[in-house]
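Hello,

Here is the structure I promised to pass on to you. Have a look at it first, and then read on for my notes.

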Amino acid sequence: MKANINPEYHEINVIMTDGTAYTTRSCYGKAGDTLRLDIDPKSHPAWTGQHRVMDTGGQVAKFNKRFATIGARTK
């Protein structure tokens, strides 16, 4: 095997969106760096099952109003 081809594997601190922190090993940054997460399993809808309600009716009405004249036949 070739020597010195793998990245350095060291400990980093990970801070979740709710402020909890833990230490893990990673190739990210340098030893002792902090990784702050914007999305994590505690807050993302894919893991929590809570979906944001979207105003699709308003969006559809806006779309129809904007493009109502396209494709309309004129005499």
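Below is what I found, beginning with the sheet and ending at the surface. Please keep in mind that this is a predicted model.

Let's begin with the sheet. It is an open one, built from 3 strands in the order 2-1-3, and its pairing is mixed. Strand 2 (21-26) and strand 3 (34-36) stand at the edges with a single partner strand each, so one side of each has no neighbour in the sheet. On average, neighbouring strands are turned by 35° against each other, direction ignored.

Where does the mixed pairing show up? Strand 1 and strand 2 run antiparallel and are joined by 6 bridges. Strand 1 (residues 10-15) also pairs with strand 3, in the parallel sense, over 3 bridges.

A good residue to click on is Val-14. Its bridge partner in strand 2 is Tyr-22, and Val-14 also stands opposite Leu-35 in strand 3. Next, try Ile-15, which stands opposite Arg-36 in strand 3.

Now follow the chain through the hairpin of strand 1 and strand 2, with its 5 residues between the strands. Which residue there takes a positive phi? It is Gly-19, with a value near 100°.

Finally, turn to the surface. Phe-63, Phe-67 and Ile-70 make a nonpolar patch of about 320 Å² there. To find your way to this patch, look for helix 2 (residues 56-66), where Phe-63 is found.

Enjoy exploring, and write back with any questions!

Best wishes

Key
Residues are numbered from 1 along each chain as its sequence is written. This is a predicted model: local features need pLDDT of at least 70, side-chain atom pairs count only at pLDDT 80 or more; totals for chains, interfaces and linings use all residues. Side-chain values use heavy atoms; hydrogens and water are left out. Patches are made of residues with over 30% relative accessible area and no salt bridge: like charges are joined within 9 Å, nonpolar side chains (Val, Leu, Ile, Met, Phe, Trp, Tyr) within 5 Å. Accessible areas come from the Shrake-Rupley method with a 1.4 Å probe; for residues, only the protein chains shown count as cover. A salt bridge is a side-chain nitrogen of Lys or Arg within 4 Å of a carboxyl oxygen of Asp or Glu. Helices (H or I, at least four residues) and strands (E, at least two) are DSSP runs, numbered from the N terminus. Two strands pair if DSSP finds at least two bridges between them. Axes are lines fitted to C-alpha atoms, for helices over the stretch in contact, and angles run from 0 to 180 degrees between N-to-C directions.
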